[in-house]
Amino acid sequence: TKLDDSKMAGAEGDDSLYPIAVLIDELRNEDVQLRLNSIKKLSTIALALGVERTRTELLPFLTDTIYDEDEVLLALAEQLGSFTVLVGGPEFVHNLLPPLESLATVEETVVRDKAVESLRKISQEHSPVDLEVHFVPLVKRLASGDWFTSRTSACGLFSVCYPRVSSTVKAEIRQHFRTLCSDDTPMVRRAAASKLGEFAKVLELDYVKSDIIPLFTALASDEQDSVRLLAVEAGVSIATLLPQEDLEALVMPTLRQAAEDKSWRVRYMVADKFSELQKAVGPEITKTDLVPAFQNLLKDCEAEVRAAAANKVKVFCENLPEDSRETIIMTHILPCVKELVSDTNQHVKSALASVIMGLSTILGKDNTVEHLLPLFLVQLKDECPEVRLNIISNLDCVNEVIGIRQLSQSLLPAIVELAEDAKWRVRLAIIEYMPLLAGQLGVEFFDEKLNSLCMAWLIDHVFAIREAATCNLMKLVEKFGAEWAQNTIVPKVLGMANDSNYLHRMTTLFCINALSGVCGQEITTKHMLPVVLKMSTDQVANVRFNVARCLQKIGPVLDSSALQAEVKPVLEKLATDQDMDVKYFALEAISVLALA
Amino acid sequence: MLTQVDRGGGVSVAAPVSHFYRCAASTAASRQHFSDREESAAAPPVTSQTSWIDSAFLSLRFSEIDTRKINNSFLRDHNYATEADIISTVEFNSTGELLATGDKGGRVVVFQREQESKNQPHRRGEYNVYSTFQSHEPEFDYLKSLEIEEKINKIRWLPQQNAAYFLLSTNDKTVKLWKISERDKRPEGYNLKDEEGRIRDPTTITSLRVPVLRPMDLMVEATPRRIFSNAHTYHINSISVNSDHETYMSTDDLRINLWNLEITNRSFNIVDIKPANMEELTEVITAAEFHPNQCNTFVYSSSKGSIRLCDMRTSALCDNHSKLFEEPEDPSNRSFFSEIISSISDVKFSHSGRYLMTRDYLTVKVWDINMESKPLETYQVHDYLRSKLCSLYENDCIFDKFECVWNGTDSVLMTGSYNNFFRMFDRNTKRDVTLEASRENSKPRAILKPRKVCVGGKRRKDEISVDSLDFSKKILHTAWHPNENIIAVAATNNLYIFQDKVN
């Protein structure tokens, strides 16, 4: 507090050094929040010190402060990425390397990654000469460091210096990368594997073939599956770099092997990257290789793999070459999809349900009616609510192709069942789709079948559901208009004001809060306001203070005469209520509505 | 990368804990500070007194035993010991430079091996307190009305990744990742106050000072880095770090969870043996461990005496094992206690990964992972107790969970027994020895004398009768230096460190 006092004094004085002095001292304050603050204002400190002292005093100090909390180090690593001007411009940018180098060796991955990101950023500000004199040696030091943290950091730095150095240095960099790819520590091999694709992109095509391909092959057959699975992604990047005629010989054998790897995690990765892979290898290989591979993944013995593949069904089909798309889907993919609809694992089914509707746009009306519709109907009756929800949430795709009427008979029981599910999260999810459904099914169908559901949610015993139901009503009114609201929902909502349960009476108020805006002045003044005002004499204090809050909320919708004549007296009365909270909210409303 | 959806409801999102932990109870301890025992009252619960004794064992060739000397450290040299002081786990790190113990009071004490010095060459090998910290505190689970003890069940070191050391410690419910790091510099120089901390008049500031780092006495800090909680419904009995350096598993009575070391709010259940109806429960998991270099393979042992080997490549859920190691029961030995004494209390992969060692109540067994039908070798730890099972059942000793360890070359096995005895078995010569960890019997630098338990009627001098064994003095936890003949033996509240003669 002493410091705070003196800070005040300083602020009043004219000494411009004072705030900076505080910032510098707080770099080592015991309170981590203050240190973090100071680090975030590091540029202010540096500006005050000038470029010379920043280089000779501030940076050496920061280089050794790696004892700090991760949050502070993360902020520091980030700051240093845009510090070039503050140390005197590109000519002096290498002064930033020592602190970033020490940050690149800490154990916390987020800090290390941020340090690497900043290093990559400032590497661009190095002149070609400085890059070789200062930056490349740092990369080499990290790459041959004792601890694997520094070696993992090095992996991310090769690709930024490679394009800008001489051919001798290039050869050294390639050599270092090779070494890291066969490091003893799986952590380092993983880091190298994850940067392999990026590194391949900056290499000359000949070196991609002579250097990268062997590394790729080796990593893809690493003894640890955690390394092999990362090679899959690298394979995708490499495939985009190679001319079509080389793909078959250089990349495909390894990728085929990955798709059949003994470890499900590797196969999962192949499934997960399938659309990227498909784009990278082009239509011919897709037809000959990827289609059978995809079929296998959809039939994989591990549910995780099937689920990942199921997620890709739509995108894969979309990207099939046009000339044979329909044939491939109908003869190869659809049979597998049919099996997945009755998979034993619910995650697989629900992954499929989230994309299967998308197939209808690809296959057109007739095929959808004949082949897909039966599947949708099966999924709408699935025992797992998530599956049903996923189908319902994607109805728009089908609507475009065959119109929703085809489905509505099956849809309704599914919706009703979800609406009454014992798990409130399921009920919440279906509520969120109501506006969408209402839009697609039309007002008539809605009034007939769904309206009562929407009203029933208003008296759900879980608050989150009541709240969502309120919000849902607002969205429905936005869709169907104020007149519809006045005829269908407003009377029911206002009817609840006389309910014996105070929670339901409060729901009326919450609904009015949400609806007044979309219903407009007339309905609000004529129908809602009297009910609200009447509730100001409710015996439950919670209802009364919600009346005050409600009035504050709907005040802007009302005209000023209603405000003065009707709202003001009620609020003034509430302001003298014996309950503290009621008083508080009444006074707040009076002041916000400027009625005082 | 793993996308498996949590199953079984055991795993849930923890309280909103950020990625970063601030150290509320970090214990900073300088080594200078520790050497002065009078002053150390505030910091360590342990005092260290090192003495030398002539002793006997630990050579791979037992014939040389008598010529060996042993360095023996007594720790916790109290005349009385509280329950909280009882050591509950002992573990060397991968180089053997550090040794960690955990106790029932939730404390972790880390010892560091003395560096070689020219003046006192014999001091090399002595372990001194390096860092002490409170890892776990007693807690209360209000939802289940259960007390959660602070007792450290297991400690596992992580492979070293930078200049700091990392270990996982666990009690029944929560695993914590600790960082133990050194600091030898401290910043100096403030703008707004002078070196004595007096506030300067702000108007006198004419120039800015940037703090400078100056050398200082070495400080060792222990900081909690991650807390992995809310994933276990039952009691955690094992943790094991994977050779991929990225994941580890935690095992309770019925489930095994896989964690990423960097992610605390989700884990993946890989084994679940909980029957739908708990009344059908016949078996619990007693221990589990990863293969030392195949990242996909792990084993777990059960209370029915079987060991299952699982391959995580095959499936995300490893409820179906790849191999089942089980020895058919000998019908002639069958008794009321058969099932209890066949329960496996510990399972350990050999350093090579080729063999498994298991400990049940009376024996240590070595299994070849390529042979499931029977163990390769069986060693009797204290067969003389077979006739006393009834009284051991009555005093609950029969449920003691003895651990077992390999030496660095997988040629000698060590495990504990009662009466402060511990046993070693040489797999090549088939010789074995019983040694005693006790202060009364070991003088500095003396050779440890082999002990003998008398089974028959006539008792020779130096022999101890089965009836006079003290069952309250049990050695459950031992550790063997990864590549030297140094062992650590926890005897209730004392930690003994023995090693081969140095000079």
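**Exercise 1. Describe the interface of chain B and chain A, beginning with the area buried there.**

Solution. Step one concerns the area: between chain B and chain A about 5,000 Å² is buried, and carbon and sulfur atoms give 56% of it, where buried area is the accessible area (1.4 Å probe) that two parts lose on being put together, summed over both. This is a predicted model, in which local features need pLDDT of at least 70 and side-chain atom pairs count only at pLDDT 80 or more, whereas totals for chains, interfaces and linings use all residues. Residues are numbered from 1 along each chain as its sequence is written, chains are lettered from A and ligands numbered from 1 in the order in which they are written, and side-chain values use heavy atoms, with hydrogens and water left out.

Step two counts the residues: 54 of chain B are in contact with 53 of chain A, contact meaning heavy atoms within 4.5 Å.

Step three turns to charge and polarity. The rule finds eight salt bridges across the interface of chain B and chain A, each being a side-chain nitrogen of Lys or Arg within 4 Å of a carboxyl oxygen of Asp or Glu. B:R225 forms a salt bridge with A:E108, with 2.7 Å between the closest N and O atoms. Across the interface of chain B and chain A there are also 23 residue pairs in polar contact, both residues at pLDDT 80 or more; a polar contact is a pair of N or O atoms within 3.5 Å, and within protein one must be able to donate a hydrogen and the other to accept it, while residues adjacent in sequence count only if both atoms are side-chain atoms.

Step four asks where the side of chain B that touches chain A comes from: β12 (175-188) and β13 (212-228) of chain B each supply at least two of its residues, and the largest share, seven residues, comes from β12(B). Helices (H or I, at least four residues) and strands (E, at least two) are DSSP runs, numbered from the N terminus.

**Exercise 2. Work out the surroundings of A:S123 and A:K114 in helix α7 of chain A.**

Solution. First, place A:S123, which lies in helix α7 (residues 109-123) of chain A. A:S123 counts as buried because its relative accessibility is 0%, buried meaning under 20% relative accessible area, exposed over 50% and partly exposed in between (1.4 Å probe, protein chains only). Next, follow its side chain, which reaches the backbone oxygen of A:R120 at 2.6 Å. Not counting residues up to four places away in sequence, A:S123 touches A:L131, A:F135, A:V160 and A:R164.

Finally, consider A:K114, which is also in helix α7 of chain A. With a relative accessible area of 18%, A:K114 is buried. Leaving aside neighbours within four places in sequence, A:K114 is in contact with A:L74, A:A77 and A:E78.

**Exercise 3. Relate B:L158 to the make-up of chain B.**

Solution. Begin with the whole chain: chain B has three helices and 34 strands, and 57% of its 503 residues count as buried.

Then locate B:L158 in the loop between β10 (154-157) and β11 (165-170) of chain B; B:L158 counts as buried, at 10% relative accessibility. Leaving aside neighbours within four places in sequence, the residues in contact with B:L158 are B:F166, B:L167, B:L168, B:L177, B:V241 and B:L261. Lastly, B:L158 and B:S240 are 82 residues apart along the chain, while their C-alpha atoms are separated by 9.5 Å.
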